[in-house]
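Student: Could we take a close look at a single part of this structure? I should like to follow the reasoning step by step.

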Amino acid sequence: MNTMTSGKVESAVDTSRRRFLGNAGTVALFTGLAGAADRGARAAQSGAQSSGMSGLTSIATVHTVAADPTRLPPPIHRSHAIHHDIALEARELRAGLADGCEFLFMTWGGQIPAPMIRVRQGDTVTLTVSSAASNERPHCLDIHAVYGSGGGAIATMVPPGGTRREFFKCIYPGAFIYHCAVMGMDEHISRGMFGMILVEPYEGLPAVDREFYIGQHELYTREPFGSSGLLHFDFAAMTREDPNFVLFNGRAEGLTAGALGAMQANAGETVRVFMVNGGPNLTSSFHPVGNVWKRCWPQGALANSPLGYVQTQPVAPGSCFVGDMELPAGETIKLVDHALSRVARKGLMAEIAVSGAADPALFRALA
Ligand SMILES: [Cu+2]
């Protein structure tokens with residue numbers, strides 16, 4: 001029995017995670033069944049007050065909801081199917097969006113993107129979906145790796161304080177999005193309710209030295225980029241598909257040395273990036289500045305042969321990307337959406353800091 005409760009995931013912590021969390025604060029990144037006590041405490045303190053997602057609520061405040069990109073389940077090295085017990089808790093949280101401003105996010109497990117679920121083709125899952133008692137909205141999950149039944153959306157519909165369970169079998173391989181699928185799903189996804197379930201093919205994936213997991217989405221706010229205080233959701237802007245923020249992990253330029261910390265790697269390593277695009281509306285033109293995707297699987301379709309040496313790969317909303325990069329010398333590789341106004345004006349940026357010496361045989365500036 002493999003469980004993905006909080007204790008299990010803690011074992012995957014490494015030094016780069018600690019570096020990231022040293023900046024990111026103490027937000028709980030993954031909640032398993034052990035979160036029940038926490039939910040009870042929230043219920044006790046939430047009281048009867050509720051006034052919508054207005055900011056005048058019992059919703060907890062955390063420093064950030066940005067997921068640690070180094071925190072993901074390890075690669076699978078087995079040749080038989082197993083059963084997984086997995087728990088996800090919906091949490092509505094007030095958190096930093098950029099320097100000096102906050103937003104009311106909706107999350108799974110307190111993080112954006114939601115925790116990566118990693119299984120092998122043929123594995124089965126019992127999923128327990130709960131909702132913090134302090135939440136104000138119902139939530140549910142459409143999991144693209146689930147056959148039929150709206151990806152489980154009806155079976156997992158939970159009101160605040162509720163719990164539902166479902167069983168499913170992962171019959172096809174690939175990197176799939178899972179996302180909230182209530183009536184106002186576009187708002188819920190924009191606010192952060194999306195993540196990835198990785199169904200490894202029977203033969204597994206090629207080995208790499210490091211793996212990272214990030215999620216892109218866009219936020220529609222009434223206030224322009226650069227505003228301070230608590231920002232408010234703008235439904236008209238969402239209808240126009242005209243966001244003020246385009247983000248990795250719910251934080252403007254969060255995964256950079258100047259904010260929560262860059263991802264870390266060493267020269268000579270090969271790294272893999274798992275990216276899920278929640279959208280809800282924008283396609284990402286996913287590009288590593290100063291590098292290429294040496295090997296990538298468009299749409300996370302792992303049953304197919306990968307593409308080689310791709311500069312910019314489209315990642316549609318409601319889809320995923322798996323790509324590998326070589327890092328032959330010390331450098332900082334920036335991950336961007338090459339629709340560059342999103343980088344220059346809307347907060348989209350992540351960095352991989354590559355330790356090691358530069359190699360003048362590869363590149364050098366000339367006078
Ligand atoms: Cu929701």
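Tutor: What follows is a close look at the metal site, with a shorter look at an aromatic pair.

Please keep in mind that this is a predicted model. Four residues coordinate the copper ion: His-139 through ND1, Cys-180 through SG, His-188 through ND1 and Met-193 through SD. These contacts span 2.0 to 2.8 Å. Along the sequence, the donor residues follow the spacing H-x40-C-x7-H-x4-M. Two of the donor residues, His-188 and Met-193, are buried.

Consider next the geometry around the copper ion. For four tetrahedral donors, the ideal angle at a metal is 109.5 degrees. To count as tetrahedral here, all angles must lie between 85 and 135 degrees. The four donor atoms around the copper ion subtend angles of 77 to 139°, and therefore the arrangement is classed as irregular.

Let us now turn to the aromatic rings. The count of aromatic pairs comes to 10. In one of these, the ring centres of Phe-248 and Phe-286 lie 6.1 Å apart with their planes at 65°, so the pair is edge-to-face. Phe-248 belongs to strand β13 (residues 245–248) and Phe-286 to strand β16 (residues 284–289), so the pair ties together parts that are 38 residues apart in sequence. Phe-248 counts as buried because its relative accessibility is 1%, and Phe-286 counts as buried because its relative accessibility is 0%. There is also an aromatic cluster formed by Phe-103, Phe-105, Tyr-220, Phe-233 and Phe-235.

How values were computed:
Residues numbered from 1 in each chain as written. Predicted model: local features only at pLDDT ≥ 70, side-chain atom pairs only at ≥ 80, totals over all residues. Heavy atoms only, no water. Donors = N, O, S within 2.8 Å, 3.2 Å for Na, K, Ca; no water. Tetrahedral: all angles 85-135°; square planar, octahedral: opposite > 155°, others 65-115°. Buried < 20%, exposed > 50% of the residue type's maximum accessible area, 1.4 Å probe, protein only. Phe/Tyr/Trp six-rings, centres within 6.5 Å; stacked < 30°, edge-to-face > 60°. Helix = DSSP H or I, 4+ residues; strand = E, 2+ residues; numbered from the N terminus.
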